[in-house]
Amino acid sequence: HLTGDIHAVTAANNLVAAQMDARIFHELTQKDGPLYDRLVPKIKGTRKFSSIQLRRLKKLGITKTDPDLLTEDERTKFSRLNIDTTKIMWNRVVDLNDRYLRKITIGQSPTEKGFTRETAFDISVASEIMAILALGTDMDDIKERLANMVVALDKNGEPVTADDLGVTGAVLVLLKDALEPTLMQSLEGTPVMVHAGP
C-alpha cells in the first residue's frame, strides 16, 4: 500500500459519491420543510449556518445569515440541489482494474425505495482528487480546488460542486496526511520523496 496516498484518495472520492447519492435520496423523499430542518437543525433551540453553508448562500445570491429569516423560496433554493441523475459525472473508485465494475446499478436495497441508477467505478488514481493532491501548492489551494470540483449538473444544466454537497472539509480531513510527501528509499538505498499517485 506504499504511502497510503491512494487509499486516502479512494476514501475521499467515495465520500463525495456517497454524500451525493444520500443527498439525491433525501431530496426525493422529503418535502421542503423537513429537508431544510435536516440541513440546518435546531441545536439547543437555535439554528446556525456553517461556514460551508454560508458559502452556498453567497453562491445563490442570498445575503441573509440567520437561518430563520430565509423565505420559503430561499429555503427551497438553499436545500435542493436538484441533481439530474443522468448528468452525474462523479464515479466511485477502487484501486484495482476490475472490469466488472465498469458499469453497475446502485440503490437496489429496499431501503432505497426504488431509486436506482446506473453508475461506474474508475481506478483510484484517475480521480480528480488525485490530480488535486498532486498539483495543489498548499492547504488553501487544495481546499479551493476540492470545493470547486464539479460532480454533476442540476436539472437546469448548472454545475453542482463538492462545496454544494457540503463535503469539502471532510474530504480535506481525509487527505491531511496525504498532503505531505513521504521519505522512502530506492533499492540502492538512495533517499527519495514520493508524493501522490503514479
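Which residues have the most contacts inside the largest nonpolar core? The close-ups below start there. The model is predicted.

**View 1. The largest nonpolar core holds 30 residues.** Met-20, Ile-83, Ile-129, Leu-146 and Leu-175 have the most contacts inside this core. Two or more core residues come from each of α1 (5–29), β1, α5, α6, β6, α7 and α8. Helix α1 gives the largest share, seven residues. In soluble globular proteins, nonpolar side chains tend to be buried together.

**View 2. Ile-129 and its contacts.** Neighbours within four places in sequence are left aside here. Ile-129 then touches Val-9, Ala-12 and Asn-13, among others. Its contacts also include Trp-90, Leu-146 and Met-149. Val-171 and Leu-175 are in contact with Ile-129 as well. Two of these names, Leu-146 and Leu-175, appear beside Ile-129 among the residues with the most contacts inside the largest core.

**View 3. A second, separate core has eight residues.** Tyr-36, Phe-49, Leu-57 and Ile-62 are among them.

**View 4. Helix α6 and its cover.** Helix α6 spans residues 139–147. Asp-141, Ile-142, Leu-146 and Ala-147 are its buried residues. What lies over them includes the helices α5 (128–135), α7 (162–165) and α8 (168–175). Strand β7 (159–161) is also part of the cover. At the N-terminal end of α6, Asp-138 acts as the cap. A side-chain oxygen of Asp-138 lies 3.2 Å from the backbone nitrogen of Asp-140.

**View 5. A three-stranded open sheet runs in the order β1-β6-β7.** The pairing is antiparallel. Strands β1 (83–88) and β7 are the edges, each pairing on one side only. From one strand to the next, the twist averages 50°. Strands of a sheet pair through backbone hydrogen bonds, either parallel or antiparallel. Two bridges join β1 to β6. Three bridges join β6 (residues 150–154) to β7.

**View 6. Ala-152 of β6 in the sheet.** Ile-88 stands opposite Ala-152. Ala-152 also stands opposite Val-160 in β7. Next to Ala-152 in the view, Leu-153 has Pro-159 of β7 as its bridge partner. The hairpin of β6 and β7 has four residues between the strands. Gly-157 in this hairpin takes a positive phi near 85°.

**View 7. Lys-44 and Lys-113, two residues with positive phi that are not glycine.** Phi of Lys-44 is about 55°. Lys-44 sits in the loop between α2 (32–39) and α3 (51–60). Its relative accessible area is 84%, so Lys-44 is exposed. Phi of Lys-113 is near 55°. The loop between β3 (104–106) and β4 (117–119) holds Lys-113. Lys-113 has 56% relative accessibility and therefore counts as exposed.

**View 8. Arg-47 and Asp-68 form a salt bridge.** Their closest N and O atoms are 3.0 Å apart. The pair links distant parts of the chain, 21 residues apart. Arg-47 lies in the loop between α2 and α3. Asp-68 lies in the loop between α3 and α4 (72–79). Is Arg-47 buried or exposed? Arg-47 counts as buried, because its relative accessibility is 14%. Asp-68, at 41%, is partly exposed.

**View 9. A salt bridge joins Lys-59 to Asp-164.** The closest N and O atoms are 2.6 Å apart. Lys-59 belongs to helix α3 and Asp-164 to helix α7. The two residues are 105 residues apart, so this pair links distant parts of the chain. Lys-59 is partly exposed at 47% relative accessibility. Asp-164 is buried at 7%.**View 10. Lys-64 pairs with Glu-74 in a salt bridge.** Their closest N and O atoms are 2.7 Å apart. Lys-64 is in the loop between α3 and α4, and Glu-74 is in helix α4, so the pair ties together parts that are 10 residues apart in sequence. Lys-64 counts as partly exposed, at 29% relative accessibility.

**View 11. Asp-21, Arg-92 and Arg-117 form a network of salt bridges.** The count for the model comes to 13 salt bridges.

Notes:
Residues are numbered from 1 along each chain as its sequence is written. This is a predicted model: local features need pLDDT of at least 70, side-chain atom pairs count only at pLDDT 80 or more; totals for chains, interfaces and linings use all residues. Side-chain values use heavy atoms; hydrogens and water are left out. Buried means under 20% relative accessible area, exposed over 50%, partly exposed in between (1.4 Å probe, protein chains only). Contact means heavy atoms within 4.5 Å. A polar contact is a pair of N or O atoms within 3.5 Å; within protein, one must be able to donate a hydrogen and the other to accept it, and residues adjacent in sequence count only if both atoms are side-chain atoms. Two strands pair if DSSP finds at least two bridges between them. Axes are lines fitted to C-alpha atoms, for helices over the stretch in contact, and angles run from 0 to 180 degrees between N-to-C directions. A nonpolar core is a set of buried Ala, Val, Leu, Ile, Met, Phe, Trp, Tyr and Cys residues joined through side-chain atoms within 4.5 Å. A salt bridge is a side-chain nitrogen of Lys or Arg within 4 Å of a carboxyl oxygen of Asp or Glu.
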